[in-house]
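Trainee: Could you take one part of this model and walk me through it closely? I would like to know how it is divided, what it touches and how far the prediction can be trusted.

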Amino acid sequence: MNPTRAAALLLLAPALLVIAIGLAAPLAWLLRFSLMLSETGIPVSDAVTPANYTRLLGDAFHMRVFAKTLGLSLLVTLFAMLLGYPLAHALWRISARWRGVLTIVVLSPLLVSIVVSSYGWLVILGTNGLVNRALLGLGLIQAPLKLLYTEGAIVLGLTHIVLPFMALSILAALERIDPRFAEAAAVLGAGRWSVLRHVTLPLALPGLIAGTTLAFSIAMSAYVTPAVLGPSGPNFIATTIYNEFVTLFDWGLGAAMAICLLVLGLGLVFAFLRLVYRVGGVAAAGRA
Amino acid sequence: MSTRNPLLWFVAALVLCFVLAPIVVVIVASFTQASVPEFPPSQWSLRWYAHALSQPVFRAAAWNSAVLAAIATLINIPIALMAAFALVRGRFPGREAIQTVLLAPLIVPAVVTGIAILLAFSAAGWRDAMSRLLLAHVVITLPYMVRTIMASLARLDPVAEEAAMTLGASPLRCFLHVTLPLVMPGLIAGAVFAFIVSFDNVSVSLFLTSARTSTLPIAVLGYVEYNIDPSIAALSTLLIGASLIAALLVERVVGLRRALGS
Amino acid sequence: MIGKTLEMSMRIDHLNATRGLGRRRLMGASAAAGAAIGAPAILRAQAKTLVTTGYGGLHEKWFRTAVIEPFEKQTGAKIQFKYGAAGEWLTSSIANKEYPEIDVPMLSLPVAMRAITLEGIFLDLDPARIPNTADVDPMFFDLYRRRAVGFNYGDFGICYRSDKLAAAPGSWRDLWDPAHVGKLLLPDITAGAVLEVIVIAALVHGGSEANLEPGWAALKQLKPNVLRFFKNNTEPVGLYERAEAQIGAWFSARTYAIQDSGVPMGYVIPREGAPVGVLSFHIARNTKVRDLAYEFVNFALSKEAQESFGNGVEYGPCNVKAELKGRARERVPPANRLMRIDWPKLQPQIAAMQQRWQREIVA
């Protein structure tokens, strides 16, 4: 039973309305606000001006924040890939009895509030925390290491959060691989690692790319993890935006940054999606 | 034939330890007697649970978060159901584009959404803070529900529906008595995810929570500012327990991986 | 810092703005939803409610005891006390200026200095409506150009672990002592007093409020000494307790609080003087409870409330008639002994100073 074209559009109306009022309109206003001059949060004139953007793009400090966020997000994505593949593989191969439990464990960073995870890292990485006490106890260090409030802590925290997304994306791709490919390769004499390198990994590539896109986007726009675990002050894009609004009261600049983050995020997603379709081939075709 | 690769399994086990580390630490540290979170506790006690549960700030915030999440989810059920149905079964130009639009809240950074709603609605004179917050939560949870229901619908064999139609059922009856029950697992999974996403949300709520009412994650973050005692660990453990129950429910009813559309 | 909330008020009479049956039902549903979420607020709708702000810990405890509870008893009104940071409260006041969420925000000095330059957000305080301002040291009223009034003040000096330092510090320049490498604590913007730190650095290195350059140069030299720029006033507690930090710039009451809990801490007002930190009341221009707001501020400035709070928190009362007793009296210097900063000279520079602080000193 399929809806007629008119019926389909009618069914979609409420959802589209929600998006329109709740997302599209506010973003449009944010764009408009970023194109106005404002003083301590209050618009000074109605004139449309790119002043906030020219200020932003010409400012080395903010550009460094963008660069740092990009760089660290890439690092997070890389770690997520390296750690995510074994998880996906395990989920793929595990017996049905344990599949449910394993899935919940892999998903746990998502099921638990980010506040909880961040608090956990605070306890683990503190000067009196698990890691330092272990290293001191083993005699590997003499004085506690400063692990918290560093960029390393941000990378750790973000990797933890994006891992489930990465693992599930890779899993989705792995599940589409016809097991007969691996069998054939084995029959023809390929060893375990060879099969992995030359058969499994290339066929899982589209999932890997999708997972990469997701992980990267999440890392780029992260707020809580950099705010809680990172060094003081503006460190990532989202914390810098918050800082512009609440501490420095430069709302015009903050709005401009927010729009730039949005454009960057959307642009990356679209670029990657096109990559997926190009690389995908057999494995990507027939995706829902 | 399965490729047995012990090294890969070993690495996977290590990664699992990493994934569970902060959660396990929080749970264990919550049972400490001391006034700072300790792992492992030198003395075991439930005092921080009593303390956390007795704070009016947390009780009020927890109630607010629960009601907010419940209402947002309930609002989204019909909206997402209709949209998913149209997207999976409908044939019209721009289907892919509309699907992307409905999933947009997943891509837009949460902080940007929060700021945008605050600025736009203040400027437009929409000053009721609660409905602003509710709308924001409806927006961010909608994609989750749409995705899971779509996955469920896509897997549905149309044979049952065709049979019903042939026997004379109207489209509405067919939908209510055949399609809906079959989609129910996906719906439940989506609803549970939406609830959890809304309950745990921080970034969007950051700019939109109200003076009179706060959401639990925001209240917790505020509390951590002034107090480093383990009551946060106790509270977190309770939340972890609740999420676990919800996740197990979904796993039993529909299977988590299928629910996530993989 | 993390997760601070902005505050918007819940107005169920939003319903009034809508017309038509269908929309009314929808709005009714949404208001009902909102009502469920904010149920306690409905119950209190009979009594007038006023929203004010403050800081947690000792401050909150004594504010409730000295001001909120007696005021509620006397007037039957309900006072809502919100946590957060001054920056967020100002943000809320600006974003919601037509329908303010916070009726009487209490702001820290640097944020208050910004607030009084804004038009249309806050009331110009009418002294006739706040009779107790007659007893307030003029410094705490004129400082704000009468757009706000001080509630209490604290001095900002040098705190140190008395068991780790050979001798008590005597001058602000002692912070630059290479013996303190990696053991110094300075506030970051959200903890307050950053502007004061910059001015102090300038003053002790030959500069002034008009010429801060020597201060910036000196602060850059100070960086290796700094263990952490703390974002809120709870962070230093653990660090001093564990002697990870041994010296820093901080408020007296905060230092004494740790000292009272058993940690060997000392506090000095350096010979160049200690700047004063003031918490001030502002009233939102468009508040629905203007009369109540004036009453509230007046009550908080009364001799009784001021004494109760000052003796409890061990901060200075802005009401000159209020007398401190015992330990509070010893610990709180009279306002006229504190370093006066030329705020009008600083005001135009505040935004630039904060930006420069984040980029050159903290980063």
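Mentor: What follows is a close look at chain C, with its neighbours for context. This is a predicted model, in which local features need pLDDT of at least 70 and side-chain atom pairs count only at pLDDT 80 or more, while totals for chains, interfaces and linings use all residues. Residues are numbered from 1 along each chain as its sequence is written, and chains are lettered from A and ligands numbered from 1 in the order in which they are written.

Start with confidence. The predictor gives the complex an ipTM of 0.84 and a pTM of 0.83. For single residues, use pLDDT, the predictor's confidence in each residue, from 0 to 100. Chain C has a mean pLDDT of 83, and 87% of its residues reach 70 or more. Its elements vary. Helix α11 (residues 290-300) of chain C has the highest mean pLDDT, 95, and helix α1 (residues 21-37) of chain C the lowest, 41. Helices (H or I, at least four residues) and strands (E, at least two) are DSSP runs, numbered from the N terminus. Over residues 1-45 of chain C, pLDDT stays under 50. The model still has 91 contacts beyond four places in sequence for this stretch. A contact here means two residues whose C-beta atoms, placed from the backbone, lie within 7 Å.

Now the division. Chain C splits into domain 1 (12-148 + 282-332) and domain 2 (155-276 + 341-362). These bounds come from an automatic or database domain assignment. Where they meet, 13 residues of domain 1 of chain C are in contact with ten residues of domain 2 of chain C. Helix α5 (residues 109-115) of chain C gives the most to the domain 1 side, with three residues. By class, that side has seven nonpolar, three polar and three charged residues. Ala, Val, Leu, Ile, Met, Phe, Trp, Tyr, Cys and Pro count as nonpolar, Asp, Glu, Lys and Arg as charged, and the others, Gly among them, as polar.

Two loops deserve a look. C:Arg145 lies between α6 (139-142) and β4 (149-161) of chain C. C:Arg145 is not a glycine, yet has a positive phi of about 50°. C:Arg145 is exposed, with 12 other C-beta atoms within 10 Å. C:Ala243 sits in the loop between α9 (235-241) and β7 (247-251) of chain C. C:Ala243 is not a glycine either, and has a positive phi of about 55°. C:Ala243 is partly exposed, with 13 other C-beta atoms within 10 Å. The cut-offs: 20 or more other C-beta atoms within 10 Å of a residue's own is buried, 12 or fewer is exposed, and in between is partly exposed, with C-beta atoms placed from the backbone.

Next, the partners. Chain C meets chain A through 21 residues of chain C and 15 residues of chain A. On the chain A side, α10 (224-229) and α11 (237-246) each supply at least two residues. That side has nine nonpolar, six polar and no charged residues.

Chain A also touches chain B, with 74 residues from chain A and 80 residues from chain B. Helix α1 (residues 5-34) of chain A gives the most to the chain A side, with 17 residues. By class, this side has 56 nonpolar, 13 polar and five charged residues.

Chain B itself has twelve helices and zero strands. Of its 262 residues, 56% count as buried. Its C-alpha trace spans about 70 × 65 × 30 Å along its principal axes.
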